[in-house]
Every structure is written in C-alpha cells, then in structure tokens.
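Hi,

Here is the structure I said I would pass on. Have a look at it first, and then read on for what turned up.

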Amino acid sequence: MKYVVIDRGDDLSRRLTGRFHTLASAHGFAPDAESPDIVISIGGDGTLLQAFHRYNHLLDRVSFVGVHTGHLGFYADWQAHELDDLVAKMASDKPQYVRYPLVEVVANRPDGSERYLALNEFTLKGVGSTLVASIHINDELFEMFRGDGIVVSTPSGSTAYNKSLGGAVIHPSIESLQIAEIASINNRVYRTLGSSVVLPKHHHCDIIPEKESQRLALVVDHISIERSDIRSLRCTVSDKKICFARYRPFPFWRRVREAFLTES
Ligand code: NAP
C-alpha cells in the first residue's frame, strides 16, 4: 500500500505522523507523496480539507482516512490513542469505501473560466461592499440577493458553515447542494427566500454579480481567492466524489450527535 500523511503541524500531530511511519514500515507500506493509494490526515477536519485540496487531482483512485487529534471529527474516524489499531486494521482488513458528494463551481470571466471543487462549501462574499447578485436556478431567475454572502455547501459540509447559518444537516448519501444566505437585506428591490434551499444533482444554480467589476471573495473550503472580473458562477453537484476508507463503522448521525448533542 502506498500512503502519504498530511498533518496539522502541531506537536501531537507530528509525533503521530512519526509513529505512523514506523508502524507502516513494519507492515511493508510505502510512503509515496506523488501517487498514494491512501491519504492519512492527522489533525482536525481542517487538516482533512487541506489533504483533499492537495490530492483532489487523484480522486478517481485515492481514498482518505482521518485521525483526529482533538475530539472525533466529521471527516475523522480515529482518535490519537487509536493509531496502532488503525494501522493494524489497514494491514489486515479490507475497508468499506464510502463516497461523499462534492460541489463544483465554474467561475466565468471575460477571458476564460476556472473550475473549483469543494468538500465543505463554496462561499461568495463582497470585498469592501455588500454582495449584490441575482440567483438563478435551472436558468430561471430565483431571487435578487443583497447581503454579506452566499454559501453553497455539500452534504458533508452541511454541518460546518452552513449549520451556523441555520441550514439543514443533510446526510451525505443524498446527492445535493444547499444554498444558504449570509445576512441578506430584504426590501422591495432585494428579496430573498430567507431559508436555505437544497437542490438535487440534476439541478444547477447560477450566481450573477450585478456589477461586472465588483470585487468578490471566492472561498473554496479554507482557500480564499479575490477577483473583480467574475461574470457568473455556476454551482452543481460534481460527478466526482471523495472516497473514505472506513476500517470500522462510524455512522454520520452518530458523528452529528457526538459533535453537537452529547455533553463532554
Ligand atoms: P477554522 O475557522 O480554523 O475552523 C472551522 C471549524 O469548523 C473547525 O472547528 C473545524 O473542525 C470545523 N469543521 C470543518 N469542517 C467541518 C464539517 N464538515 N462539519 C463540522 N465542522 C467542521 O477553518 P478551517 O479549519 O480552515 O476550516 C474551514 C471551514 O471553516 C470552512 O469550510 C467552513 O465550513 C468553516 N467556517 C465556518 C464558519 C462559521 O461557522 N461561522 C465561518 C467560516 C468558515 P476541526 O477543529 O476539526 O478542524
């Protein structure tokens, strides 16, 4: 098995990375940062987002495993003290492969377009001014938005930024995207639904900034890009998915309960 470890960089995560290499070498696994079969993320959910963006060109053939150095996470099945068990299972068991949907965003500019993949969400914000944009669903005007921003999240990202905005938590087996508003202004000209909407895979959403030169922040998970030449953004559920290697069951609703409902 060829593997790579991405860690958060703190003392504990670095020590666990060292331990992982020692155990992996004893089992004959080979480190390979260029072409791994499996990406081990050691840190938090934020570390897994970084690992995803580093290896999202290999999504057709790579799987991910998360080790959380805090509490258990949404993308991490294993805790720090369980690292030896994880490596033993990687050596002896065939994992279950679980695939989660991603959001694809195509940003259209006068001289071309860029495509981004988000594991949690895509966020659009105005820079230095409120965002003014029309939102179209399946090529029909849906609403005129004016406010701080718009968040388009994946099902697995629905427990992140989307949840802070009052969006629904969506099970990752439902191929969909969710559009949530950040502080919309509502009056006679700018009127928004107010609640988040969930689109199925065969629908698409276009966001068209009112002013062609508006300075915008395009935030893909933790990566922020500023542009002032965006003509439109198309958001869809991607045909690509992220694949997690599960070496033991950890159901999504248990993750939600442990993160938000169980007292620590
Ligand atoms: P960060 O601001 O350092 O951390 C964001 C927090 O969200 C961390 O506690 C992280 O968990 C947690 N998280 C990440 N993905 C999650 C998920 N799918 N479900 C539940 N919690 C999740 O930023 P970061 O670590 O670079 O992560 C970027 C993410 O921050 C974005 O994708 C966005 O979802 C989130 N964010 C949230 C808000 C908000 O809720 N108001 C605002 C901006 C951004 P760990 O501690 O395990 O890493």
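Helix α2 gives the largest share of the shell around the ligand, with three residues. Keep in mind that this is a predicted model. Both α2 (45–55) and α4 (161–164) put at least two residues each into that shell. There are 16 residues around the ligand, and those that come nearest are Asp45, His68, Glu121, Thr159 and Ser164. By type, the shell splits into eight polar residues, five nonpolar and three charged.

If you zoom in on the polar side chains, three pairs are worth a click. Glu121 has a polar side-chain atom 2.5 Å from an oxygen atom of the ligand. For His68, a polar side-chain atom sits 2.8 Å from a ligand oxygen. Asn120 points to another element: one of its polar side-chain atoms is 2.9 Å from a nitrogen atom of the ligand. As for cover, the ligand on its own has 840 Å² of accessible area, and the protein covers 60% of that.

Where does the ligand lie with respect to domain 1 and domain 2? It lies between them, because domain 1 (2–95 + 247–260) and domain 2 (102–239) both give residues to the shell. Note that domain 1 is written as two stretches, 2–95 and 247–260, while domain 2 runs over 102–239. Taken over C-alpha atoms, the centres of the two domains are 30 Å apart. Their contact draws on 13 residues of domain 1 and 17 residues of domain 2.

Next, a couple of backbone oddities. Most residues other than glycine have a negative phi. Asp139 goes the other way, with a positive phi near 70°, and Asp221 also has a positive value, near 55°. Asp139 is in the loop that links β9 (131–137) to β10 (140–153), and Asp221 is in the loop between β14 (216–220) and β15 (223–227).

Which of these two is buried, and which is exposed? Asp139 has a relative accessible area of 53%, so it counts as exposed, the cut-off being over 50%. Asp221 comes out at 8%, which is under 20% and therefore buried.

Two more residues that I looked at, one in a strand and one in a helix:

- Ile208 is part of strand β13 (residues 205–209). Its relative accessibility is 31%, so it falls in the partly exposed class, between 20% and 50%. Leaving out residues up to four places away in sequence, Ile208 touches Val132, Ala133, Ser134, His136, Arg231 and Ser232. Going back to the ligand shell for a moment, the C-alpha atoms of Ile208 and Glu121 are 18 Å apart, with their positions 87 residues apart along the chain.
- Thr17 belongs to helix α1 (residues 11–26). It is buried because its relative accessible area, 10%, is under 20%. Not counting neighbours within four places in sequence, Thr17 is in contact with Val5, Asp7 and Ile42.

If you only have a minute, start with the ligand between domain 1 and domain 2, then turn to the positive phi of Asp139 and that of Asp221.

Cheers

Notes. Residues numbered from 1 in each chain as written. Predicted model: local features only at pLDDT ≥ 70, side-chain atom pairs only at ≥ 80, totals over all residues. Heavy atoms only, no water. Helix = DSSP H or I, 4+ residues; strand = E, 2+ residues; numbered from the N terminus. Buried < 20%, exposed > 50% of the residue type's maximum accessible area, 1.4 Å probe, protein only. Near = heavy atom within 4 Å. Polar contact = N/O pair within 3.5 Å; in protein donor to acceptor, adjacent residues only side chain to side chain. Areas by Shrake-Rupley, 256 points an atom, 1.4 Å probe, with all protein chains shown as cover. Nonpolar A, V, L, I, M, F, W, Y, C, P; charged D, E, K, R; others polar. Domains from an automatic or database assignment. Contact = heavy atoms within 4.5 Å.
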